[in-house]
Amino acid sequence: MTGGGGVAGDGSDLAAVLQALADPARLRVVEVLSRSPRRAGDLAAAAGVPAPTMSKHLRVLLAAGIVTDERSARDARVRVFRLRRESVVAVRAWLDQVQAHWDEQLKAFKAHVEREGAR
């Protein structure tokens with residue numbers, strides 16, 4: 001199996017994942033791969049882009065650690081791409097941290113407003 005760097009780690013890994021996901025075609029690829037592994041040609045068709053363009057998108061997704069690729073034992077030319085669940089977990093964990101921060105901020109603001117209203 002080949003693929004890109006890990007996602008768990010410093011903020012640069014998360015930034016690479018988020019940057020890779022910022023492109024609509026790559027986001028579509030992730031959506032398709034969340035259902036099942038696919039070959040590059042299938043992904044190109046699903047995203048509505050030519051094969052050379054999909055190849056570039058897949059290189060970005062591999063480098064960011066969002067997908068992995070496997071070669072068939074029967075035909076090494078055939079590559080099947082899979083979504084790395086770890087990349088989704090890392091993004092979700094970061095979003096949960098941001099949400100927890102804002103929940104805390106809103107709770108403090110609510111307490112402040114209630115104290116001011118009681119005066």
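The following paragraphs lead through the fold, the nonpolar core, the C-terminal helix and the salt bridges of this predicted model.

The protein chain contains five helices and four strands. Read from the N terminus, these elements follow the order β-α-α-β-α-α-β-β-α. Of the 119 residues in the protein chain, 26% count as buried. Contacts across the sequence contribute much of the picture: among contacts in the protein chain with a separation of 6 or more, 56% join residues that lie 24 or more positions apart. The accessible surface of the protein chain amounts to about 7900 Å², and carbon and sulfur atoms account for 56% of that area.

The interior is considered next. In soluble globular proteins, nonpolar side chains tend to be buried together. In this model the largest nonpolar core has 22 residues, and the members that touch the most others are Leu43, Leu61 and Ile66. Two or more residues of this core come from each of helix H1 (11-21), helix H2 (24-33), helix H3 (40-47), helix H4 (51-63) and strand E4 (79-83). Helix H2 makes the greatest contribution, giving five residues.

Ile66 shows how separate parts of the chain meet at one of these core positions. When residues up to four places away in sequence are set aside, Ile66 touches Val17, Ala20, Leu21, Val30, Leu61, Arg82, Leu83, Arg84 and Ser87. One of these partners, Leu61, is itself among the core members with the most contacts to other members. Another partner, Arg84, is buried, because its relative accessible area of 16% falls under the 20% limit.

Arg84 also takes part in a salt bridge. Side chains of opposite charge can pair when their charged atoms come close. Glu86 pairs with Arg84, and their closest N and O atoms are 3.8 Å apart. In contrast to the buried Arg84, Glu86 is partly exposed, with a relative accessible area of 47%.

Helix H5 spans residues 85-117. Its 33 residues reach 47 Å from the first C-alpha to the last, close to the 48 Å expected at 1.5 Å a residue. The buried residues of this helix are Ser87, Ala90 and Val91; of these, Ser87 has already appeared as a contact of Ile66.

Trp94 is also found in helix H5. Together with Leu18 and Leu95, Trp94 forms a nonpolar patch on the surface, and the three residues have about 250 Å² of accessible area together. Trp94 counts as partly exposed because its relative accessible area is 34%, a value between the 20% and 50% limits.

The structure holds six salt bridges, and two of them can be followed along helix H5. In one, Asp96 pairs with Arg92, with 3.1 Å between the closest N and O atoms. Both residues lie in helix H5, four residues apart, which is about one turn of the helix. Asp96 is partly exposed at a relative accessible area of 39%, whereas Arg92, at 54%, counts as exposed.

In the other, Glu114 pairs with Lys110, and the closest N and O atoms are 3.9 Å apart. Glu114 and Lys110 likewise lie four residues apart in helix H5, about one turn of the helix. Glu114 has 49% relative accessibility and counts as partly exposed, while Lys110, at 51%, counts as exposed. These two residues fall in separate classes because the limit for exposed is over 50%.

Note on methods. Residues are numbered from 1 along each chain as its sequence is written. This is a predicted model: local features need pLDDT of at least 70, side-chain atom pairs count only at pLDDT 80 or more; totals for chains, interfaces and linings use all residues. Side-chain values use heavy atoms; hydrogens and water are left out. A nonpolar core is a set of buried Ala, Val, Leu, Ile, Met, Phe, Trp, Tyr and Cys residues joined through side-chain atoms within 4.5 Å. Buried means under 20% relative accessible area, exposed over 50%, partly exposed in between (1.4 Å probe, protein chains only). Contact means heavy atoms within 4.5 Å. The expected span of a helix is 1.5 Å times one less than its number of residues. Patches are made of residues with over 30% relative accessible area and no salt bridge: like charges are joined within 9 Å, nonpolar side chains (Val, Leu, Ile, Met, Phe, Trp, Tyr) within 5 Å. Accessible areas come from the Shrake-Rupley method with a 1.4 Å probe; for residues, only the protein chains shown count as cover. A salt bridge is a side-chain nitrogen of Lys or Arg within 4 Å of a carboxyl oxygen of Asp or Glu.
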